[in-house]
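Dear colleague,

Here is the structure I promised to pass on to you. Please have it open while you read, as my notes follow directly below.

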Amino acid sequence: MGAETYSFAFEVYHNSDALIDADRTLLDAARQATANAYAPYSKFLVAAAARLDSGEIICGTNQENASYPAGICAERVLLSAIASQHRGAVITTIAISYQNQNGPSEKPISPCGICRQSLLEYEERQQHSIRLILGALEGEVYSISNTGCLLPLAFRGDHLKTQ
């Protein structure tokens, strides 16, 4: 029997003021986009903002539904919008933020499992890593070099290939 260890390093900033201008601008776009989220049930408004290789910033927000499984997370709304409306564009960085209307919004959150899988697949599809910036409305900010860091032992398309 053997044992393996998985770990990754990421940068932690005391607050968004410590970010470079481009990253702070992207995180600010995500923070502002939380106002467009539709979360009447959870009151947990999430937004994701992507910077494309052209420099353009695109945002997506979570969209809840009374039939909870029918809702969709901000990250997957964002990826769908980019794939549908910006064909061939490369995502370089995604910032994710939230506004918790039931409590404080001061700790970074990480994408859910389905979004981690979707982000990894998109990263592989575009053949370019996607850096993540995770930050709430205030407080610490995390910078992660690529989406694959968040999904060890990921299920990948090549698992489906036959000989």
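**Notes on strands, pocket and single residues**

Strand 5 and strand 6 form a hairpin with five residues between them, and in that turn glycine 139 has a positive phi of about 90°. Please bear in mind throughout that this is a predicted model. The two strands of this hairpin, strand 5 and strand 6 (residues 141-144), pair in the antiparallel sense over four bridges, and one of the residue pairs is glycine 135 with its bridge partner valine 141 in strand 6.

Strand 5 also pairs with strand 4 (residues 91-100), here in the parallel sense and again over four bridges, with arginine 131 in strand 5 as the bridge partner of threonine 93. Between these two strands the chain passes through helix 3 (residues 113-126), and the resulting β-α-β crossover is right-handed. As for its surroundings, strand 5 (residues 131-135) has four of its five residues buried, so it is largely enclosed by the rest of the structure.

Strand 2 shows a similar picture, in that eight of its nine residues are buried, and so this strand too is largely enclosed by the rest of the structure. Strand 2 runs antiparallel to strand 4, to which it is joined by nine bridges, and leucine 52 stands opposite isoleucine 91 in strand 4. Five bridges join strand 2 to strand 3 (residues 57-61), and these strands likewise run antiparallel, with alanine 49 standing opposite cysteine 59 in strand 3. Strand 2 and strand 3 form a hairpin with four residues between the strands, in which glycine 55 takes a positive phi near 100°.

For your own work the pocket may be of interest. The largest pocket has a volume of about 260 Å³, and it is lined by 19 residues, of which Val46, Asn62, Ile72, Cys73 and Ala74 are the closest to its centre. Strand 2 (44-52) and helix 2 (74-85) are the elements that give two or more residues to this lining, and the largest share, three residues, comes from helix 2. By residue class, the lining of the largest pocket divides into 10 nonpolar, six polar and three charged residues.

Two single residues deserve a separate word. Is asparagine 100, which is found in strand 4, buried or exposed? Its relative accessible area is 19%, and since the cut-off for buried is under 20%, asparagine 100 counts as buried. Leaving aside neighbours within four places in sequence, asparagine 100 is in contact with Lys43, Phe44 and Ser105. The C-alpha atoms of asparagine 100 and alanine 3 are separated by 39 Å, the two residues being 97 residues apart along the chain.

Threonine 147, in turn, is found in the segment after strand 6, and with a relative accessible area of 2% this residue is buried. Which residues does threonine 147 touch, if those up to four places away in sequence are not counted? They are Leu119, Leu120, Glu123, Ile130 and Leu132.

With best regards

Definitions and conventions:
Residues numbered from 1 in each chain as written. Predicted model: local features only at pLDDT ≥ 70, side-chain atom pairs only at ≥ 80, totals over all residues. Heavy atoms only, no water. Buried < 20%, exposed > 50% of the residue type's maximum accessible area, 1.4 Å probe, protein only. Pairing = 2+ DSSP bridges. Right-handed = clockwise from strand over helix to strand, strands pointing away. 1 Å grid on protein atoms, 1.4 Å probe; cavity = no way out; pocket = protein on both sides within 12 Å on 5 of 7 lines; lining within 4 Å. Points joined across faces, edges and corners; volume = space filled by probe spheres on them. Nonpolar A, V, L, I, M, F, W, Y, C, P; charged D, E, K, R; others polar. Contact = heavy atoms within 4.5 Å.
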